[in-house]
Amino acid sequence: MSGSRSAKDFFRPLAVGAPTPLTEIPARPSRAIHFFDPSNPKMAAKIPDMVGTVDVLLGNLEDAVKADNKVAAREGLVEIARKTANLGGQSGPTQLWTRINSLDSPWALDDLTTLVPAIGDKLDVIMVPKVQGAEDIHYVDRLLAQLEAKAGLDRPILVHAILETARGVANVEEICGASPRMQGLSLGPADLAADRRMKTTRVGGGHPGYLVREDPPKENGVANLEAARATYQQDLWHYTIARMVDACAMHGIYPYYGPFGDIADTTACEDQFRNAFLLGCVGTWSLHPKQIAIANRVFSPSVEDIAHARRVVAAMGDGTGAVMLDGKMEDDASLKQCLVMVKLAEQLAAIDPELKKQYDAIEVA
Ligand SMILES: CC(C)(COP(=O)(O)OP(=O)(O)OC[C@H]1O[C@@H](n2cnc3c(N)ncnc32)[C@H](O)[C@@H]1OP(=O)(O)O)[C@@H](O)C(=O)NCCC(=O)NCCSC(=O)C[C@H](O)C(=O)O
Ligand SMILES: [Mg+2]
């Protein structure tokens, strides 16, 4: 919770006439946040057909949009939001998000003052890049409240921060708790690597140099340092994702992986997404249409996982005590783990008919 606001004030609107802040962030499926450049005619043309095939469509206004196209991207997003049926708002199958330009850029203010009056009723979440601390969220929070009041909006637009500076990582808990608008966090591995002076030039993913090597074999008690030894690549992003997951869980908001820039390497992309899923993330970014299917697959629990989870739930009865299932102990804690899966499966089944069919076909033995 914000240091400067009392508990009673935290959920009061920040401008007269602004919608009342939410006390809980709705758990809407958001396995893939698909980025598109609204100033790119080829990408823009594909958006109407993508509605219903992806959980979130995000009109990107920041990095990857040329400086000369910033205004066209903003205007393009307004046009797409207005024209595209079933996109954004509370009921559509696909949410509409945007990533505005960074708060110190010449475009951020115009992004907000244009988008909120024009399409504030359709915009579900605004992603703010390069967030350094609670002060950045407080700025956006108040400005959004003023703009929402002026536009007569009846629900608050939520805010998502990208963790892509060392200071942002150091302040991650205060960022998550800075406003009731906070919906979640994403990792921005490229900007974060640059800010930390890491020595990877990749956009997310691993690095062959970041590894551990097995001990040398011993011959007559002496280490043979010339022998071949296996190496194991490590995950450069483990620490940051884990911090992000804890901070989000603590504040009741949602953590996401971010971009995986090697579009051609769908296998490594899937691995990176799966690591994030297993650690607690609810979704990831998709930069290219082919990454949507990967994200949808990875961030939906498998039929086997749901079958097991339902068996544990059934076996645990009132939820107390301990039972043996397939030689393994299950108790109240493992029941809670299984309920996380079962609840997620229910949320996904509500919007994904194919998954619903698969989950409904499970027979609990
Ligand atoms: C990565 C790309 C530049 C690749 O584009 P392209 O070379 O055109 O790919 P293809 O030829 O394979 O495309 C096939 C068709 O699909 C369309 N397409 C491509 N990408 C998208 C998309 N994202 N949404 C909709 N449609 C898309 C192409 O136009 C082709 O159409 P057609 O010719 O009619 O068949 C490109 O995918 C791209 O620019 N993606 C988005 C990149 C992006 O948003 N980057 C910013 C996020 S990552 C970041 O900012 C870093 C982060 O902040 C950090 O710090 O870590
Ligand atoms: Mg970035």
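**Exercise 1. The largest cavity**

Task: Determine the volume of the largest cavity in this predicted model, and describe the residues that line the largest cavity.

Solution.
Step 1. The volume of the largest cavity is about 80 Å³. The structure holds one cavity of 30 Å³ or more.
Step 2. Its lining comprises 15 residues, and those nearest the centre are Pro13, Leu14, Pro21, Asp141 and Arg181.
Step 3. Sorted by class, the lining has nine nonpolar residues, one polar residue and five charged residues.
Step 4. Helix 5 supplies the largest share of this lining, with three residues.

**Exercise 2. The largest pocket**

Task: State how much space lies in the largest pocket, and identify which element gives the most to its lining.

Solution.
Step 1. The space in the largest pocket amounts to about 650 Å³.
Step 2. The lining consists of 21 residues, of which Val282, Val340, Met341, Leu344 and Gln347 are the closest to the centre of the pocket.
Step 3. Two or more lining residues come from each of strand 11 (254-256), helix 10 (266-279) and helix 13 (332-349).
Step 4. The greatest contribution to the lining is that of helix 13, which gives eight residues.
Step 5. In terms of class, 13 of the lining residues are nonpolar, four are polar and four are charged.

**Exercise 3. Salt bridges between distant parts of the chain**

Task: For the salt bridges of Arg31, Asp111 and Glu135, name the partner, locate both residues and decide whether they are buried or exposed to some degree.

Solution.
Step 1. The principle is that side chains of opposite charge can pair when their charged atoms come close. The whole structure contains 21 salt bridges.
Step 2. The partner of Arg31 is Asp352, with 3.3 Å between the closest N and O atoms. Arg31 belongs to the loop between helix 1 (7-10) and strand 1 (32-36), whereas Asp352 belongs to the loop between helix 13 and helix 14 (353-360); the two are 321 residues apart. The relative accessible area of Arg31 is 4%, so Arg31 is buried. That of Asp352 is 18%, and because buried means under 20%, Asp352 is buried.
Step 3. Asp111 pairs with Arg74, the closest N and O atoms lying 2.7 Å apart. This pair joins helix 4 (residues 108-119), which holds Asp111, to helix 3 (residues 70-83), which holds Arg74, across a separation of 37 residues. Both Asp111 and Arg74 are buried.
Step 4. Glu135 pairs with Arg167, and 3.1 Å separates the closest N and O atoms. Glu135 is in helix 5 (residues 134-151) and Arg167 in helix 6 (residues 166-170), 32 residues apart. With a relative accessible area of 39%, Glu135 is partly exposed; Arg167, at 43%, is also partly exposed.
Step 5. A network also exists: Glu62, Asp63, Arg99, Lys130 and Asp191 are joined by salt bridges that share partners.

**Exercise 4. The magnesium site**

Task: Identify which residues coordinate the magnesium ion (ligand 2), and give the exposure of Glu164 and Asp191.

Solution.
Step 1. The magnesium ion (ligand 2) is coordinated at 2.0 to 2.2 Å by Glu164 through OE and Asp191 through OD.
Step 2. Glu164 is placed in the loop between strand 5 (158-163) and helix 6, and Asp191 in helix 8 (residues 189-196); 27 residues separate them along the chain.
Step 3. The relative accessibility of Glu164 is 3%, so this residue counts as buried. Asp191 has a relative accessible area of 26% and is therefore partly exposed.
Step 4. Asp191 is also a member of the salt-bridge network that includes Lys130.

**Exercise 5. Positive phi values**

Task: Explain why the phi values of Asn86 and Lys130 attract attention, and locate each residue.

Solution.
Step 1. Most residues other than glycine have a negative phi.
Step 2. Asn86, although not a glycine, has a positive phi of about 60°. Asn86 is found in the loop between helix 3 and strand 3 (95-99), and its 54% relative accessibility makes it exposed.
Step 3. Lys130, likewise a residue other than glycine, has a positive phi near 55°. Lys130 is found in the loop between strand 4 (125-128) and helix 5. Its relative accessible area is 23%, so Lys130 is partly exposed.

**Exercise 6. The annotated domain**

Task: State which domain UniProt places at residues 33-202, and give the helix and strand content of this span.

Solution.
Step 1. The UniProt record, an unreviewed entry, places the feature "domain: HpcH/HpaI aldolase/citrate lyase" at residues 33-202.
Step 2. The span is 42% helix and 18% strand, and its end C-alpha atoms are 20 Å apart.

Note on methods. Residues are numbered from 1 along each chain as its sequence is written. Chains are lettered from A and ligands numbered from 1 in the order in which they are written. This is a predicted model: local features need pLDDT of at least 70, side-chain atom pairs count only at pLDDT 80 or more; totals for chains, interfaces and linings use all residues. Side-chain values use heavy atoms; hydrogens and water are left out. On a 1 Å grid over the protein atoms alone, a cavity is a set of points where a 1.4 Å probe fits but cannot get out, and a pocket is an open set with protein on both sides within 12 Å along at least five of seven lines; lining residues have an atom within 4 Å of a point. Grid points are joined across faces, edges and corners, and a volume is the space filled by probe spheres set on the points. Helices (H or I, at least four residues) and strands (E, at least two) are DSSP runs, numbered from the N terminus. Ala, Val, Leu, Ile, Met, Phe, Trp, Tyr, Cys and Pro count as nonpolar, Asp, Glu, Lys and Arg as charged, and the others, Gly among them, as polar. UniProt positions are given in the numbering used here, feature names are shortened, and annotations may be inferred rather than shown by experiment. A salt bridge is a side-chain nitrogen of Lys or Arg within 4 Å of a carboxyl oxygen of Asp or Glu. Buried means under 20% relative accessible area, exposed over 50%, partly exposed in between (1.4 Å probe, protein chains only). Donors are N, O and S atoms within 2.8 Å of the metal (3.2 Å for Na, K and Ca); water is not among the atoms, so sites may look incomplete.
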